[in-house]
Amino acid sequence: MDHTAKKNKRLMALNDNKAGMEGLDRDKINKIIMESSKGSRFYENELKREQQVNQRIEKMMLQKAQITEQQLKKAQAEVERMATELERSRDLSRVIVHVDMDAFYAAVEIRDCPELKDKPMAVGSMSMLSTSNYHARKYGVRAAMPGFIAKKLCPNLVIVPTNFAKYRAVSGEVREIFAEYDPHFQSVSLDEAYLDFTDHLEQRQSWPESLRTHRFHASSTATGIAPNMMLAKVCSDKNKPNGQYRLPSTREAVMDFVQNLPVRKVSGIGKVSEKMLNALGISSCSHLGQQMGLLSLLFSETAWHHLLQVSLGLGSTFIPRHEERKSMSTERTFKELSKVEEQLSLCRELCEDVAEDMKEEGLKGKTVTLKLKNVSFEVKTRALTLPYAVATVDEIFAVAKDLLKTEIDNESPQPLRLRLMGN
DNA sequence: GCGGATCAC
DNA sequence: TATGGTGATCCGC
């Protein structure tokens with residue numbers, strides 16, 4: 001394989017090897033994904049973005065080369081001071097549980113249509129899948145994969161359209177159960193939540209033996225039990241599907257656990273951060289601990305503080321309540337839209353949707369943001385903050401229209417070729 | 001405050 | 001034929 005081909009493969013390929021892959025082998029899957037993607041506008045944009053990340057990494061490596069032994073020593077000392085302080089405040093007294101429902105949307109659809117149980121199936125559309133069941137995963141079919149590619153990997157795949165209202169209803173039932181264990185639980189999404197079991201476990205001590213039975217439930221969930229949120233989240237991923245992993249509440253167990261943990265598993269460290277860390281020779285959290293001095297010189301303060309905490313196995317020990325929302329938006333993807341009148345009327349429609357949602361929650365906002373994506377998948381946002389809060393369609397549209405017109409004028413005489421608009 | 005990027009689901 | 005939608009946060013202006 002030549003250099004370019006290798007690079008391309010890295011970009012789009014399936015990069016996890018947790019599933020059994022009984023249907024097709026990895027090389028075959030990656031070949032099919034690549035053949036379906038290559039040459040598309042989407043793919044070209046992905047290549048461009050990868051280049052940008054590579055440049056960021058080059059810049060970082062140049063910075064690294066400038067660092068003197070002296071600076072590194074000083075940074076190292078500073079990091080160690082902070083680590084000692086963090087260590088002093090380590091709290092192992094809480095029992096935090098992270099619950100993650102396996103292939104949630106797919107599980108709900110199978111409940112309502114049991115014939116699907118033994119077939120490869122996914123929820124979504126030919127454009128995009130939300131999730132797939134475990135049969136489908138054997139073929140490489142994954143969440144966030146377009147359905148038309150999934151169909152190439154698995155021609156027998158059944159694609160069920162998403163029905164959010166239904167998932168919300170089921171999620172509500174599950175949340176009632178969560179509330180029995182921790183009335184202050186925090187849901188991350190329809191299928192994920194953090195619970196603090198500490199109080200529940202203490203009260204349970206005094207229950208009569210007959211009540212300390214397990215509640216039977218048919219749905220499959222993954223749970224992680226650990227002394228903080230960061231660790232609980234990682235633990236719930238460990239014995240998927242329908243498994244549980246408990247990390248003992250001792251410093252030794254936590255440190256052992258964290259040593260071999262790949263940085264990518266940690267919530268908040270995504271594809272780009274992983275790549276930057278990899279460039280520095282860091283792939284596991286033990287490497288993080290060894291390189292914190294360097295990281296404190298190359299990364300922003302918030303970033304390296306977070307990495308230091310991760311390397312020590314520290315995380316939040318109390319589960320924050322969900323705060324008030326800070327923004328509200330709606331966006332839509334469509335076939336190419338190039339006519340000015342159509343763009344304006346679509347913009348108005350989106351403003352109507354947002355205004356309606358705001359009315360439902362009785363909210364107002366001061367900043368109006370217009371989001372545009374052209375047919376080459378390039379995304380732009382344009383915002384304007386008003387001295388007062390607005391909420392009605394006319395007020396919002398007045399601002400959004402100006403923002404949109406400016407962009408149209410900017411591009412003229414070429415038309416804006418849009419595939420998505422939001423605000 | 002703005003705009004691009006990253007991240008999670 | 002065809003690669004989503006919503007919300008949050010951070011960085012560097």
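1. A polar contact is taken here as a pair of N or O atoms within 3.5 Å; within protein, one must be able to donate a hydrogen and the other to accept it, and residues adjacent in sequence count only if both atoms are side-chain atoms. One such pair joins an N or O atom in the side chain of threonine 302 to a phosphate oxygen of DNA strand C, at 2.5 Å.

2. The model is predicted, with local features requiring pLDDT of at least 70 and side-chain atom pairs counting only at pLDDT 80 or more, while totals for chains, interfaces and linings use all residues. Residues are numbered from 1 along each chain as its sequence is written, chains are lettered from A and ligands numbered from 1 in the order in which they are written, and side-chain values use heavy atoms, with hydrogens and water left out.

3. The surroundings of DNA strand C comprise 25 residues, of which Ser300, Thr302, Glu331, Thr333 and Arg419 come nearest; a residue is near a strand if one of its heavy atoms lies within 4 Å of it. Sugar and phosphate make up 66% of the atoms of DNA strand C that come within 4 Å of the protein. Two further polar contacts involve the protein backbone. A polar backbone atom of serine 329 is 2.6 Å from a phosphate oxygen of DNA strand C, and a backbone N or O atom of serine 127 lies 3.3 Å from a sugar or linking oxygen of DNA strand C.

4. Which elements each supply at least two residues of the surface near DNA strand C? They are α7 (147–153), β9 (331–337) and β12 (418–422), where helices (H or I, at least four residues) and strands (E, at least two) are DSSP runs numbered from the N terminus. The most is given by β9, with 3 residues. By class, the surface near DNA strand C has 10 nonpolar, 9 polar and 6 charged residues; Ala, Val, Leu, Ile, Met, Phe, Trp, Tyr, Cys and Pro count as nonpolar, Asp, Glu, Lys and Arg as charged, and the others, Gly among them, as polar.

5. DNA strand B is surrounded by 23 residues, the closest being Ser189, Lys233, Ser273, Ala383 and Thr385. Of the atoms of DNA strand B within 4 Å of the protein, 100% belong to sugar or phosphate. A phosphate oxygen of DNA strand B is 3.3 Å from an N or O atom in the side chain of arginine 56, and another polar contact places a backbone N or O atom of threonine 381 at 3.1 Å from a phosphate oxygen of DNA strand B. The elements that give two or more residues to the surface near DNA strand B are α3 (41–66), β5 (186–189), α12 (271–279) and β11 (379–390). Of these, β11 gives the most, with 6 residues. The residues of this surface near DNA strand B divide into 7 nonpolar, 8 polar and 8 charged.

6. Two packed helices are described by the angle between their axes and the distance between the axes. Helix α13 (residues 285–298) and helix α14 (residues 301–311) pack at about 150°, with their axes 9 Å apart; axes are lines fitted to C-alpha atoms, for helices over the stretch in contact, and angles run from 0 to 180 degrees between N-to-C directions. That angle makes α13 roughly antiparallel to α14, given that angles under 35 degrees count as roughly parallel, over 145 as roughly antiparallel, 65 to 115 as roughly perpendicular and the rest as oblique. Residues of the contact (heavy atoms within 4.5 Å) include Leu288 and Met292 of α13 and Trp304 and Leu307 of α14. The contact of α13 with α14 has 8 nonpolar, 3 polar and no charged residues.

7. The axes of helix α4 (residues 69–88) and α13 come within 8 Å and cross at roughly 105°, so α4 and α13 are roughly perpendicular to each other. Here Gln71, Leu72, Ala75, Gln76 and Val79 in α4 meet Met292, Gly293, Leu294, Ser296 and Leu297 in α13. This contact of α4 with α13 divides into 6 nonpolar, 4 polar and no charged residues.

8. Two backbone features merit attention in review. Lysine 240 and proline 241 are joined by a cis peptide bond, with omega about -10°, and proline 241 is found in the loop between α10 (229–236) and β8 (244–246). Alanine 144, a residue other than glycine, has a positive phi near 70°; alanine 144 is placed in the loop between α6 (134–137) and α7.
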